[in-house]
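Please open the structure in a viewer and keep the selection panel at hand. The stops below proceed one selection at a time, each followed by what is to be found there.

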Amino acid sequence: MVGKVISGSSFSGTVGYVMKEESRILEAEGIMPPEVKDMVQDFKDQALLNPRLKNTVGHISLSFSPKDAPRMTDALMTQIAKEYMQKMGITDTQYLLARHLDQPHPHCHLVYNRVGNNGQTISDKNIKIRNAKVCRELTEKYGLYLAPGKDDVRRERLREPDKTKYEIHDAIKGSLPKCKNWNELEGKLKEQGIGIRYKYCGNTDRKQGVLFSKNGFEFSGSKIDRAFSFTKLDRHFTHVQQQTQHRATLFGNLSAAAGNYRSAFAGLFGGMGGGSTREEPPSVNLGKAGGIQLPPAGSPVGVSAEQLQRKPGESPEEHIARITALLDAAAEAMAIAAVERQRRMEEQKRRHKMRL
């Protein structure tokens, strides 16, 4: 049993693909089959319960070996898929489970709403790692055919050219998490005696393929592993760079929000600390954005250390965005409160002068 996590940007495209002609629905929850447009609208309606969640589409395919086909009834496939969902935390939400009939190997597609029935988020944190673990557990539990993966191959028994191919595979797999682009990957592999050569599109300088060489052998990336084709590796580096830029933007927004918060804090609670006999208010460290002081007890501004902590299931990006919004709102509230306090003080001075 193999699970593949598929990225989807819209329910209409995902449901439309899953409900192609050579398929049948195994189970549906919270949606009204069989019309695609009705199911899509049901998914979209529930997604409105959590408008802050950007990617609401969950899509996973579950594939089984042709050797398991004789015993893979609709009932068994549904049972395994539902147990898979429980183990993956895909619960209390809408879903569509459809079996495809266009391939010799049995497989089904699970489409689910990442916005749960109560507006909660169905987490996708470490989903690929969790998916691999759950698939292996269910494969063993139901006695399904287990194809030998590259990690299970006994390297000491290999002969050339497979021995070198697996050496290259292990080197790429170990180096990739430490590399942000092709140049860094080339450098890491060169240290291990592995060369890289690119294929180009016609007479242009546009790369369209990659080959890895060692010990006099050369293999295309896809021959080493489908995940190491030029397209997939290039997509990986693009994603890494986008994530880096996105996080830099998020940290910039957080730093700006923290600066605005500090200014507003000084304007409203500037008399605290320094030469004052009152206790210095507690502070919280926001990493690159620096530390901020918390409003004193009884303050109408709602910012506490607990609110600034990362919530269970919250991604780093979601956490940063949430506390940025919280600091912006607090800074605005403190600025308004400071203006109001200044107005009251001036009013008191005016009345005092009038009494004199």
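In which strand does S61 lie? S61 belongs to strand β3. Before the tour continues, note that the model is predicted.

**Stop 1: S61 in β3**

Select S61 and display its surroundings. With a relative accessibility of 8%, S61 counts as buried, because the limit for that class is under 20%. Setting aside residues up to four places away in sequence, S61 touches V2, G3, K4 and I6, and also C108 and H109.

**Stop 2: helix α3 and the elements around it**

Next, select residues 74-88, which form helix α3. This helix has 15 residues, and its first and last C-alpha atoms are 21 Å apart, close to the 21 Å expected at 1.5 Å a residue. Now colour the buried residues of α3: L76, M77, T78, I80, A81, E83, Y84, M85 and M88. Which elements do the buried residues of α3 pack against? Their partners are the strands β2 (23-29), β3 (57-63), β4 (95-100) and β5 (107-113), together with helix α4 (127-141). Strand β3, the location of S61, is thus met again here as one of these partners.

Move on to G89, just after α3, where phi is positive at about 80 degrees. Continue to D92, in the loop between α3 and β4. Phi of D92 is also positive, near 55 degrees, in a residue other than glycine. Is D92 buried or exposed? D92 is exposed, its relative accessible area being 53%.

**Stop 3: N126, ahead of α4**

Select N126 in the loop between β5 and α4. N126 is not a glycine, yet its phi is positive, at about 50 degrees. Its relative accessibility of 46% places N126 in the partly exposed class.

**Stop 4: two cis peptide bonds**

Select P33 and P34, which are joined by a cis peptide bond with omega of about 5 degrees. P34 is situated in the loop between β2 and α2 (36-47).

Then select E160 and P161. A cis peptide bond joins this pair as well, and omega is about 5 degrees. P161 is part of the loop between α4 and α5 (162-175).

**Stop 5: α1 against α2**

Two packed helices are described by the angle between their axes and the distance between the axes. Select α1 (residues 11-18) together with α2; their axes come within 9 Å and cross at roughly 140 degrees. The two helices are therefore oblique to each other. The crossing of α1 and α2 is right-handed. To see the contact itself, show the side chains of F11, S12, V15 and G16 in α1, which meet V36, M39, V40, F43 and K44 in α2. By class, this contact of α1 with α2 comprises six nonpolar, two polar and one charged residues.

**Stop 6: α5 against α6**

Select α5 and helix α6 (residues 182-190). At what angle do the axes of α5 and α6 cross? They cross at roughly 130 degrees and come within 10 Å. This makes α5 oblique to α6. The crossing of α5 and α6 is right-handed. On the α5 side, display A171, I172 and S175; on the α6 side, their partners are L185, K188 and L189. The residues of this contact divide into four nonpolar, one polar and one charged.

**Stop 7: F269 in α8**

Select F269, which lies in helix α8 (residues 230-269). At 14% relative accessibility, F269 counts as buried. Leaving aside neighbours within four places in sequence, F269 is in contact with P295, P296, S299 and M334. Add A338 to the selection: F269 and A338 are 69 residues apart in sequence, while their C-alpha atoms are 8.6 Å apart in space.

**Stop 8: K288 between β9 and β10**

Finally, select K288, found in the loop between β9 (283-285) and β10 (291-293). K288 counts as exposed, at 70% relative accessibility. Which residues does K288 touch, not counting those up to four places away in sequence? K288 touches F251 and S255. For a last distance, pick the C-alpha atoms of K288 and G252: they are 9.3 Å apart in space, and the two residues are separated by 36 residues in sequence.

Key
Residues numbered from 1 in each chain as written. Heavy atoms only, no water. Helix = DSSP H or I, 4+ residues; strand = E, 2+ residues; numbered from the N terminus. Expected span 1.5 Å × (residues − 1). Buried < 20%, exposed > 50% of the residue type's maximum accessible area, 1.4 Å probe, protein only. Contact = heavy atoms within 4.5 Å. Axes fitted to C-alpha atoms, helices over the stretch in contact; angles between N-to-C directions. Parallel < 35°, antiparallel > 145°, perpendicular 65-115°, else oblique. Left-handed = near helix turned anticlockwise from the far one by under 90°. Nonpolar A, V, L, I, M, F, W, Y, C, P; charged D, E, K, R; others polar.
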